Amino acid sequence: MASRANDQSQASRNGLKGKVLTLDTMNPCVRRVEYAVRGPIVHRALELEQELRQGVKKPFTEVIRANIGDAQAMGQRPITFFRQVLALCVYPKLMSSPDFPEDVKRRAERILQACGGQSLGAYTISSGIQLIREDVAQYIERRDGGIPADPNNIFLSTGASDAIVTVLKLLVAGEGRARTGVLIPIPQYPLYSAALAELDAMQVDYYLDEERAWSLDIAELRRALCQARDRCCPRVLCVINPGNPTGQVQTRECIEAVIRFAFEEGLFLMADEVYQDNVYAEGSQFHSFKKVLTEMGPPYATQQELASFHSVSKGYMGECGFRGGYVEVVNMDAEVQKQMAKLMSVRLCPPVPGQALLDMVVSPPAPSEPSFKQFQAERQEVLAELAAKAKLTEQVFNEAPGIRCNPVQGAMYSFPRVQLPPRAVQRAQELGLAPDMFFCLCLLEETGICVVPGSGFGQQEGTYHFRMTILPPIEKLRLLLEKLRHFHAKFTKEYS
């Protein structure tokens with residue numbers, strides 16, 4: 001620090017103006033932010049792609065990005081109905097074209113009439129277009145078997161991520177031992193650790209049970225909570241269901257136990273449910289926290305605070321780039337809800353094309369409409385392919401010595417555990433790398449396969465994992481899995 005100050009003083013004497021913003025003067029919370037899904041290994045993958053374009057010889061011909069749940073980047077085709085309606089919304093003159101079904105035209109007109117100036121280019125109110133919030137409420141009501149949803153408790157957002165960060169901003173307060181603690185699952189989606197670092201909140205880890213297919217254990221929640229109370233004030237419990245990166249689907253009994261625990265311990269519940277359409281395993285079923293909470297009756301239904309999140313980026317939709325999502329709040333203090341609306345107003349409004357796309361997701365074509373048959377066929381094809389790829393991934397990994405993969409019950413990822421030889425662990429330490437980061441970097445350099453090390457998501461000490469998406473087309477996925485299996489065998493032999 002003194003050296004840098006001296007350098008700036010010398011620069012000043014030489015007539016050079018020192019930088020106002022440096023690593024020393026910038027927000028230290030931002031420096032602590034890490035986001036493994038787009039971290040160093042992805043930067044190296046981008047460099048390798050550039051080298052391939054420049055004709056540099058590599059032991060592979062392409063980089064396979066299996067690091068992120070970006071369905072359309074991996075070849076998934078958009079749903080026709082969604083894109084047709086969006087096309088008309090963006091360029092209304094196409095309404096006169098005979099190439100678009102009548103229900104598509106009606107839907108586009110309905111959305112445009114709810115927009116300022118009947119244009120997708122106009123701002124909306126900060127919580128999102130009222131018509132679309134009403135449609136979201138009706139969707140939630142249908143999903144949850146008739147349990148009412150209030151549009152005034154629904155806020156549209158720039159993907160689910162933006163809404164998650166907004167709710168966390170409301171919850172984080174206090175200093176020292178009074179600082180807000182947030183319980184997050186380990187392994188976790190790195191959005192949570194990154195947001196907590198930026199907000200200078202206390203991250204409280206609770207470990208999912210790998211030996212029981214990444215199940216959530218109440219005794220482990222209690223352990224994490226009790227230990228955290230010595231250093232912070234735990235106020236929030238985050239649950240990801242279906243799980244990312246672990247792919248588990250929580251049972252109704254587990255969700256009930258989590259709700260009881262949160263109620264008894266005075267915790268605000270955050271339910272990340274963006275993969276609710278992605279459930280593959282036989283016997284698994286998605287249960288929303290809102291539905292279970294309501295059906296448990298008082299005092300839970302009337303008092304337990306909950307925020308649940310959904311997005312157009314996952315499911316069968318895969319519309320990541322449109323950044324559409326929502327949060328529904330339950331039992332939130334009315335005055336706090338006003339503060340939430342105020343906070344969202346600072347960002348003006350979520351992207352309007354993303355709001356329009358969300359409307360199509362929550363109110364797809366009805367069976368009586370011309371677009372229904374094609375919509376259903378495309379939706380079912382995507383989900384069937386994902387289910388087949390989930391099964392294939394589990395099967396191939398579990399046939400490989402030194403790799404173990406739990407069933408991919410839902411979501412879009414596998415999170416296999418890999419055995420790494422002691423010499424490989426030692427070499428990683430010499431290089432200043434986490435052992436699974438070393439493994440993943442070697443994998444990338446030799447095969448072009450880009451996956452994310454488990455250390456970026458959190459894992460039990462002494463275990464090593466990586467997260468890999470199941471999104472590539474099935475033949476490419478099969479090849480990827482075989483390459484990965486062979487590489488692990490070669491890596492193990494080299495460092496044994």
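Q: In which sense do strand E3 (residues 180-186) and strand E5 (residues 233-240) pair?
A: A quick word first: this is a predicted model, where local features need pLDDT of at least 70 and side-chain atom pairs count only at pLDDT 80 or more, while totals for chains, interfaces and linings use all residues. Residues are numbered from 1 along each chain as its sequence is written, and side-chain values use heavy atoms, with hydrogens and water left out. Helices (H or I, at least four residues) and strands (E, at least two) are DSSP runs numbered from the N terminus, and two strands pair if DSSP finds at least two bridges between them. E3 and E5 have four bridges, and the sense of their pairing is parallel.

Q: Which residue in E5 stands opposite leucine 183?
A: Strands of a sheet pair through backbone hydrogen bonds, either parallel or antiparallel. Across from leucine 183, in E5, you'll find leucine 237.

Q: Which strands stand at the edges of the sheet?
A: Seven strands make up this open sheet with mixed pairing, in the order E2-E8-E7-E6-E5-E3-E4. An edge strand has a single partner strand, so one side of it is left without a neighbour in the sheet. That is the situation of E2 (154-158) and E4 (202-207).

Q: At about what angle does helix H9 run to E4?
A: H9 (residues 218-228) lies across E3, E4 and E5. Angles run from 0 to 180 degrees between N-to-C directions, using axes fitted to C-alpha atoms, for helices over the stretch in contact. Against E4, H9 runs at about 150°.

Q: How are helices H5 and H14 oriented to each other?
A: The axes of H5 (residues 102-113) and H14 (residues 352-362) come within 11 Å and cross at roughly 130°. Their contact (heavy atoms within 4.5 Å) is made by Arg107, Arg110 and Ile111 of H5 with Ala356, Asp359 and Met360 of H14. Angles under 35 degrees count as roughly parallel, over 145 as roughly antiparallel, 65 to 115 as roughly perpendicular and the rest as oblique. H5 and H14 are therefore oblique.

Q: How many residues of helix H8 are buried?
A: Here buried means under 20% relative accessible area, exposed over 50%, and partly exposed in between (1.4 Å probe, protein chains only). H8 (residues 191-199) is mostly covered, with Leu191, Tyr192 and Leu199 among its buried residues. Of its nine residues, the buried ones number eight.

Q: Is glutamine 84 buried or exposed?
A: Glutamine 84 sits in helix H4 (residues 80-90). Not counting residues up to four places away in sequence, glutamine 84 touches Asp99, Phe100, Pro101 and Val104. Its relative accessible area is 17%, so glutamine 84 is buried.

Q: Which residue does a cis peptide bond join to isoleucine 186?
A: Most residues other than glycine have a negative phi, and most peptide bonds are trans. At isoleucine 186, though, omega is about 0°. The partner, located in the loop between E3 and H8, is proline 187.

Q: What is the phi of alanine 411?
A: Alanine 411 lies in the loop between strand E9 (403-404) and strand E10 (413-414). With 0% relative accessibility, alanine 411 counts as buried. Although alanine 411 is not a glycine, its phi is positive, at about 65°.

Q: How far apart in space are glutamine 285 and arginine 252?
A: Glutamine 285 belongs to the loop between strand E6 (268-272) and helix H11 (289-295). In sequence, glutamine 285 and arginine 252 are 33 residues apart. In space, C-alpha to C-alpha, the distance is 8.6 Å.
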